Amino acid sequence: MKETIKNTTLADRLLFLLLISLSVAGIFISRDALSQGSEVVIEVDGKPAYTLPLYEDRLVSVGGSYGDTLIEIKEKKVRVREAHCPNQICVKEGWISKGVIVCLPNKLIIIVGGSKKDEQLGIDAITG
Amino acid sequence: MINFRLFFPLLLFSCLLLSSCSADKMSTYKKSKALLDTFVAITVVADSKETAEEAIDNAFDVIEKFGELINFYSDKSELSAVNRNAGIREVKVSPETLDIIEKAVYIAERSGGAFDPTIGPEIQLWDFFNKIRPSDADIRKNLSLVNYKNIIIDKGNSTVFLKKKDMLLDLGGIAKGYAADLAVQALKEKGISAGLVAVAGDIKAFGLKTDKKPWTVGIKNPRQKSSEDEIIAKIHLSGKAISTSGDYERYFMLNGQRFHHLLNPRTGYPAYACQSVSVIADQAVMTDAFSTALFILGPEKGLELAKEMGIDALIIDDKSSVHTTSGLEGILFLERNH
């Protein structure tokens, strides 16, 4: 065994290093995938516009077909505080700590956390 | 000089490691969009991002076009034209609109009116956001406008007529399921053999995931207390749809009583025999409407109807007891404490 280790060349060592790096990277990647989601993703017209932490209180203004929509993050909850769309469905939705708020006229979707946790539970979708 | 004795086995090992990841070229792709006044998420198994995106975008377009036909709130929709002309004249509609109304009437008939797409005038009286409970007199007055038998469909001429003035056809209890079916059909036409379409909580799954396993759908706990007990059960689905109707979706509490959006078409008041009902069947149009019907009927009559229709159901009654049909054995997994 000692003989074998002594006989290793630079190529062998590089290969070992590569394999070890891959394993370490794997630990970090899986750790990230398993961490609980606590993000607010704001999508405009099907594309992600903002990804914000749920634990930091703030106000975000997002432009859309009906002017600016004011989104409020407070105490790990999110709501549409102000919108100029005709039906106001998004405002009526109120505060959410998980799930989705949709404003169709402004083509706006606010997704709150959960997806990583769902993956952890082995769930592809939720009904109800 | 390279040590071949050690180098080759390691190289072989690395190749095996990499090939185990790439042997199956199929991957999972997911996209979401705001459609039908809700959140639509489509997941597909495909060999490339381009194939997946093209198929998903096409499915979104199909849902969007369908939504324009049956949007209750848009003056331009065919559904609004039917409602505006209630008691006046029949309205010519496209095959899709005719088809969904036909299906809605069929489910209304089979459920003995527990599901009724003419519930519109009663729903309009309630304001769940501002916690406004309508007066008993108003509820009674509008009841005469609720009856699916007053929908006159002329298939030959492709027309729909609501017999009484002020009747309102509301397809909100069936449209999302119908849209999920349309989307799955559109994905299959684009060559996708496995995927999951979720139009809010109306979900249809087909084919198997990349790990050759069926899709897993979580069913929400109607009386969730923390983030730990959000899911009451998990179900494995392939080639099946699931929908859930619950008293926790749109509701308000007044003097200790829960007022929710699942109104009994016979009384105009919320139905109280269940907390939530999930229905599993081949088509999402069926699961969407029958979940409402079973909720209104309650656990006993609901399970009877499910058996009669050859569909499966998970019913959580007003005392949080769980009732299921036998078809869910082996695919439904209740979480602990239930």
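B:Lys131 is found in the loop between α5 (120–123) and α6 (136–143) of chain B, and this lysine has a positive phi of about 55° even though it is not a glycine. Everything here comes from a predicted model. That backbone angle is one stop on a tour that also takes in how chain B and chain A meet, a sheet with strands from both chains, and a pair of helices in chain B.

**Backbone angles worth a look**

- Here's the background: most residues other than glycine have a negative phi.
- B:Lys131 goes the other way, with its positive phi of about 55°.
- B:Asp166 also has a positive phi, about 75°, and is not a glycine either.
- Where does B:Asp166 sit? Look in the loop between β5 (159–162) and α7 (175–189) of chain B.
- B:Leu36 takes a positive phi near 50° in the hairpin of β1(B) and β2(B), where two residues lie between the strands.

**Where chain B meets chain A**

- On the chain B side, 40 residues are in contact with 31 residues of chain A.
- People often give the size of an interface as the accessible area lost when the parts come together.
- For chain B and chain A, the buried area is about 3000 Å², and 64% of it is on carbon and sulfur atoms.
- How many salt bridges cross the interface of chain B and chain A? The rule finds two.
- In a salt bridge between the chains, the side chains of B:Lys209 and A:Asp124 meet at 3.0 Å, N to O.
- There are also eight residue pairs in polar contact between chain B and chain A, counting pairs with both residues at pLDDT 80 or more.
- The chain B elements that give two or more residues to the side touching chain A are α1 (4–22), β1 (27–35), β2 (38–46), β8 (215–220), β9 (231–237) and β10 (240–246).
- Which element gives the most to that side of chain B? It's α1(B), with seven residues.
- Sorted by class, the side of chain B that touches chain A has 21 nonpolar, ten polar and nine charged residues.

**A sheet with strands from both chains**

- Four strands make an open sheet in the order β8(A)-β8(B)-β9(B)-β16(B), and the pairing is mixed.
- Its edge strands are β8 of chain A and β16 (332–334) of chain B, each pairing on one side only.
- From one strand to the next, the twist averages 25°.
- Between the chains, β8 (residues 125–127) of chain A pairs with β8(B) in the parallel sense over three bridges.
- You can find this pairing by looking for A:Thr127, which stands opposite B:Ile219 in β8(B).
- Within chain B, β8(B) and β9(B) run antiparallel and are joined by six bridges.
- Here, B:Thr216 stands opposite B:His236 in β9(B).

**Other strand pairs**

- Back at the hairpin in chain B, β1(B) and β2(B) run antiparallel, with nine bridges joining them.
- One spot to check is B:Thr28, which stands opposite B:Val45 in β2(B).
- Chain A has an open sheet of three strands in the order β3-β4-β5, with antiparallel pairing.
- The edge strands of this chain A sheet are β3 (58–64) and β5 (77–82), and each pairs on one side only.
- The twist in this sheet averages 30° from one strand to the next.
- Seven bridges link β3(A) with β4 (residues 67–74) of chain A in the antiparallel sense.
- A:Gly64 has A:Gly67 in β4(A) as its bridge partner.

**Helices in chain B**

- Helices α8 (residues 284–297) and α9 (residues 299–309) of chain B have axes that come within 7 Å and cross at roughly 145°.
- On the α8(B) side, B:Phe290, B:Leu294 and B:Leu297 meet B:Lys301, B:Gly302, B:Leu305, B:Ala306 and B:Met309 in α9(B).
- The residues of this α8(B)–α9(B) contact split into six nonpolar, one polar and one charged.
- In another helix, B:Lys103 forms a salt bridge with B:Asp99, and their closest N and O atoms are 3.0 Å apart.
- B:Lys103 and B:Asp99 are four residues apart in helix α4 (residues 95–110) of chain B, so about one helical turn separates them.
- Over all chains, a search of the whole structure finds 18 salt bridges.

Terms used: Residues numbered from 1 in each chain as written. Chains lettered and ligands numbered in written order. Predicted model: local features only at pLDDT ≥ 70, side-chain atom pairs only at ≥ 80, totals over all residues. Heavy atoms only, no water. Contact = heavy atoms within 4.5 Å. Buried area = accessible area lost by both parts, 1.4 Å probe. Salt bridge = Lys/Arg side-chain N within 4 Å of Asp/Glu carboxyl O. Polar contact = N/O pair within 3.5 Å; in protein donor to acceptor, adjacent residues only side chain to side chain. Nonpolar A, V, L, I, M, F, W, Y, C, P; charged D, E, K, R; others polar. Pairing = 2+ DSSP bridges. Axes fitted to C-alpha atoms, helices over the stretch in contact; angles between N-to-C directions.
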